[in-house]
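Trainee: I should like to learn how to read a structure, beginning with the idea of burial. May we look at an example together?

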Amino acid sequence: IVAVALVWFAVTIINAPGQRDDPGVTAIMGGVGVSILGVALIVYVLRMLLAQAIARDVEAASMQAELDEVI
C-alpha cells in the first residue's frame, strides 16, 4: 500500500507543472495520496493488534493448562 502511495505522489509531482491554472487538482491528488498512507497505517496497526491478540490467546491457553494441572 505504501508503494502505491509513493507511485501516486510521483504521478502527482509529474502532473503538478501542467496544473498551474488549476492548483486544486494537485491538492486533491495530494490528499488522495495522504489518504492512501492513512489506510496503510490503519492496516499496519490492525495487523499488530491481531498479532498481540494471538500471542495473548496462546499465553492464556498455556496458563489454563497449568491451572488444570494444579486443580
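Mentor: A residue is called buried when its relative accessible area is under 20%, and exposed when that value is over 50%. Please keep in mind that the model shown here is predicted.

Trainee: Is Thr 12 buried or exposed, and why?

Mentor: Thr 12 has a relative accessibility of 7%, so it counts as buried. Thr 12 is found in helix α1.

Trainee: Which residues does Thr 12 touch, leaving aside those up to four places away in sequence?

Mentor: Thr 12 touches Thr 26, Met 29 and Gly 30. In addition, the side chain of Thr 12 reaches the backbone oxygen of Trp 8 at 2.8 Å.

Trainee: Which residues of α2 are buried, and against what do they pack?

Mentor: The buried residues of α2 are Met 29, Gly 30, Gly 33, Ile 36 and Ala 40. They pack against α1, which covers residues 2-15.

Trainee: How does one judge the length of a helix?

Mentor: One compares an expected span with the distance between the end C-alpha atoms. Helix α2 has 48 residues, residues 23-70, and at 1.5 Å a residue it should span 70 Å; its end C-alpha atoms are 71 Å apart, which agrees.

Trainee: What can be said of the chain as a whole?

Mentor: The chain contains two helices and zero strands. Its C-alpha trace spans about 80 × 15 × 5 Å along the principal axes. The radius of gyration is 23 Å, whereas a compact globule of 71 residues would have one near 11 Å. Buried residues make up 11% of the 71 residues.

Definitions and conventions:
Residues are numbered from 1 along each chain as its sequence is written. Side-chain values use heavy atoms; hydrogens and water are left out. Helices (H or I, at least four residues) and strands (E, at least two) are DSSP runs, numbered from the N terminus. The radius of gyration is taken over C-alpha atoms; the globule rule is 2.2 Å times the number of residues to the power 0.38. Buried means under 20% relative accessible area, exposed over 50%, partly exposed in between (1.4 Å probe, protein chains only). The expected span of a helix is 1.5 Å times one less than its number of residues. Contact means heavy atoms within 4.5 Å. A polar contact is a pair of N or O atoms within 3.5 Å; within protein, one must be able to donate a hydrogen and the other to accept it, and residues adjacent in sequence count only if both atoms are side-chain atoms.
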